[in-house]
Structure formats: structure tokens, C-alpha cells
Amino acid sequence: MTTEETIFSKIIRREIPADIVYEDELALAFKDVHPQAPVHILVIPKKALAKLSDAKPEDQALLGHLLLIVKRVAQEAGLTNGYRVVINTGDDGGQTVHHMHLHILGGRQMLWPPG
Ligand code: AMP
């Protein structure tokens, strides 16, 4: 399933503002508006993929691309001591925006297990 209209598609189209830290032809990264850590950045595909569990074999390269963007953005944010990457997926995963996204959380010690 894909979704065309979410707050993130509006950010991609520049219809609502965001603090964008990285962009290429396939992806966008911007600061989370309600940060849960000193650094909290979201990495999203421009393709309207609603959630990770909707990904198909043809999305393999895109998913790998997103992870390499995570690495790059985290490095540029100065997260030299580590960070956490989270993909909330579906209702039980706590996903609230139905456009797949990777959370980069850092700048403090992360706890385990997560809530
Ligand atoms: P999730 O609960 O995994 O779906 O995460 C959605 C995230 O999007 C939350 O951390 C929100 O704070 C964040 N968010 C929602 N609206 C915006 C926005 N306009 N700009 C930046 N981040 C947003």
C-alpha cells in the first residue's frame, strides 16, 4: 500500500516548512518537530511508501540508500559516539505518520528495552 497525502509528502513538495538537513533525488532528511533526543532527524524516501512492511523486492536499493543516508546524516550531526535508528511500523510499532521514515536519535545514552 502506498499513500499520497501525508504531512511528509507536503514537506517533500515544500508545502509546509521543515528543517531539511539532506536531500537527493530519492530521499529527504529533516529535523523531527518534537525531538525525543538532542539530535532527532527523520530520513524518508520521496516515494510514497506507507510503511516498511509494504516494501517490495524492487525497493531493495532504496532501502539500502536510506540506511547510507542515515550514516551520512548522523556523521554530519556529530554523532561520533553512536546513535539509534528506529523504524516504527504499523499500529503496534507506534507509527503515526503513514509515510515510511527512519528516526535517527542521538546525543544522549539510549535505553533498552524501548517503550
Ligand atoms: P512515527 O510515530 O514513527 O510515525 O513518527 C512520526 C514522527 O514525525 C514523530 O516523531 C513526529 O514528531 C514527527 N513529525 C510529525 N510532523 C512533523 C513535521 N511537520 N515536521 C517534522 N517532524 C514531524
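The following legends describe close-up views of a predicted model.

In this predicted model, local features need pLDDT of at least 70 and side-chain atom pairs count only at pLDDT 80 or more, while totals for chains, interfaces and linings use all residues. Residues are numbered from 1 along each chain as its sequence is written, and side-chain values use heavy atoms, with hydrogens and water left out.

**View 1. The ligand and its shell of residues.** The ligand is surrounded by 16 residues, where a residue is near a molecule if one of its heavy atoms lies within 4 Å of it. Asp-32, Asn-88, Thr-96, His-101 and His-103 come nearest. By class, the shell holds seven nonpolar, seven polar and two charged residues. Here Ala, Val, Leu, Ile, Met, Phe, Trp, Tyr, Cys and Pro count as nonpolar, Asp, Glu, Lys and Arg as charged, and the others, Gly among them, as polar.

**View 2. Secondary structure around the ligand.** At least two residues of the shell come from each of α1 (7-12) and β2 (27-31). The largest share is that of α1, with three residues. Helices (H or I, at least four residues) and strands (E, at least two) are DSSP runs, numbered from the N terminus.

**View 3. Oxygen atoms of the ligand and their protein partners.** A polar side-chain atom of Asp-32 lies 2.5 Å from an oxygen atom of the ligand. For His-101, a polar side-chain atom is 2.8 Å from a ligand oxygen atom. Thr-96 instead places a backbone N or O atom 2.7 Å from an oxygen atom of the ligand.

**View 4. The loop after α1.** Arg-14 lies in the loop between α1 and β1 (20-23). The phi angle of Arg-14 is near 65°, a positive value in a residue other than glycine.

**View 5. A cis peptide bond.** Trp-112 and Pro-113 are joined by a cis peptide bond, with omega about 5°. Pro-113 is found in the segment after β5 (102-106).

Notes: A polar contact is a pair of N or O atoms within 3.5 Å; within protein, one must be able to donate a hydrogen and the other to accept it, and residues adjacent in sequence count only if both atoms are side-chain atoms.
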